[in-house]
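Please look through the sequence and the model shown below before reading on. The report that follows walks through a metal site and a set of charged side-chain pairs.

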Amino acid sequence: MSNLPTQVTLVDVGPRDGLQNEKQTVSTEDKARLVALLQDAGLTEIEVTSFVSPKWVPQMGDNSAVMAAIERRPGVRYSVLVPNMKGFEGAVASRPDEVVVFAAASEAFSQKNINCSIAESVERFVPVVQAAHAAGFKVRGALSCAVGCPYQGEVRPDEVERVAKMLREIGVDHLGVADTIGVGTPRKVQAALERALKHYPLHEVSGHFHDTYGQAISNVYASLELGVHRFDTSIAGLGGCPYAKGATGNVATEDVVFLLNGLGIATGLDLDRLVDAGAFISGVLGRPPASRVARALLAKRG
Ligand code: HMG
Ligand code: MG
């Protein structure tokens, strides 16, 4: 217990990972409003959108418009996904603070998600990393399917380490270990993180856990036990990946904050305001938040 971190940073990926999976078009204005509400709740790291092919993910087609519409606040960092140089070139005018390249630990998922092999994806990231660093942007890497793949099944820690090492070697600054389909359980997640930690320092490793099987909160706790203190979370538990059928949202920001508050770990976040932000976007989508904490607190409000 005493070894748990005293402070945790959350990156809300709801505007990107959350909304990318929604069939109904969410307006640019509502996306910008969501970002504003997340800032009101104290978030200082927000993953706003992705510069991917609009044919592959139509919901993110208004990427530049969203980046232009958000009201930027001092001290807040805005990140965007870029799968290749075309995505980077699209993103650069939007002045992100950080770009996110995304690779997979499983070959099959790499093909389905970005239409190329793991090795090809890493090759494509080389000029992206160079251009991003030249422009002064940090580069985060997301490593999908770090504990399981919807096509391959089991993913071994060796496979995680292999790709983590490749990303480190090309200069990716940070590694997000992602359980894309939410099948991870604490020991498996720790094994994947331990392999990432062989190539990245503790402060440059984060957890990105989808909650499909209801394990994400325990996986956050298991990560805290290793000292990991950065997590991607999604407001209202929105999300999923269009190329991972059936995968539901990321662990809800509200649920993680409730856990961390209970553990006395500082986040700088206002839970009530998070619930407001989640209620707003859930209203836009016409359904209640997936976050259990949000639902409990909304019921209490009456
Ligand atoms: P491709 O078809 O192999 O690309 O797709 P291509 O290079 O052959 O180009 C085909 C067409 O796409 C061309 O246009 C390009 O210009 C265009 P056309 O000549 O046919 O008119 N194109 C682009 N357009 C806009 N932005 C770009 C771009 N690149 C090419 N960046 C590609 C390859 C990577 C583009 C495609 O597979 C793609 O966009 N995939 C994105 C899939 C995606 O967004 N998945 C969800 C995000 S990842 C995720 O959610 C996981 C994560 O949360 C962690 C976790 O949970 O695991 C991060
Ligand atoms: Mg994800």
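Is Arg287 buried, partly exposed or exposed? In this predicted model, Arg287 counts as partly exposed, because its relative accessibility is 38% and the partly exposed class lies between under 20% for buried and over 50% for exposed. The partner of Arg287 is Glu22, with which it forms a salt bridge whose closest N and O atoms are 2.6 Å apart. Glu22 lies in the loop between α1 and α2 (28-40), while Arg287 lies in the loop between α11 (271-285) and α12 (292-301), so this pair ties together parts that are 265 residues apart in sequence. Glu22 itself is buried, because its relative accessible area is 12%, which falls under the 20% limit.

**Further salt bridges**

Side chains of opposite charge can pair when their charged atoms come close. A search of the whole structure finds 22 salt bridges, and three of them, including the one already described, are set out here.

| Pair | Closest N to O distance |
|---|---|
| Glu47 and Arg16 | 2.6 Å |
| Glu22 and Arg287 | 2.6 Å |
| Arg140 and Glu98 | 2.5 Å |

The salt bridge between Glu47 and Arg16 links distant parts of the chain, since Glu47 belongs to strand β2 (residues 45-50) and Arg16 to helix α1 (residues 14-20), 31 residues apart. Glu47 and Arg16 are both buried.

For the salt bridge between Arg140 and Glu98, the distant parts that are linked are two strands, with Arg140 in β5 (residues 138-144) and Glu98 in β4 (residues 98-104), 42 residues apart. Arg140 and Glu98 are likewise both buried.

These two pairs also take part in a wider arrangement, for Arg16, Glu47, Glu98 and Arg140 are among the residues linked in a network of salt bridges, which also includes Asp17, Glu45, Arg77, Arg230 and Asp232.

**The magnesium site**

Which residues coordinate the magnesium ion (ligand 2)? The ion is held by Asp17 through OD and by His208 and His210 through their NE2 atoms, at 2.1 to 2.3 Å. Along the sequence, these donor residues follow the spacing D-x190-H-x1-H. Both histidines are buried: His208 has a relative accessibility of 7%, and His210 has a relative accessible area of 2%. Asp17 therefore appears in two settings, as a donor to the magnesium ion (ligand 2) and as a member of the network of salt bridges, and each of the two histidines counts as buried because its value is under 20%.

How values were computed: Residues numbered from 1 in each chain as written. Chains lettered and ligands numbered in written order. Predicted model: local features only at pLDDT ≥ 70, side-chain atom pairs only at ≥ 80, totals over all residues. Heavy atoms only, no water. Donors = N, O, S within 2.8 Å, 3.2 Å for Na, K, Ca; no water. Buried < 20%, exposed > 50% of the residue type's maximum accessible area, 1.4 Å probe, protein only. Salt bridge = Lys/Arg side-chain N within 4 Å of Asp/Glu carboxyl O. Helix = DSSP H or I, 4+ residues; strand = E, 2+ residues; numbered from the N terminus.
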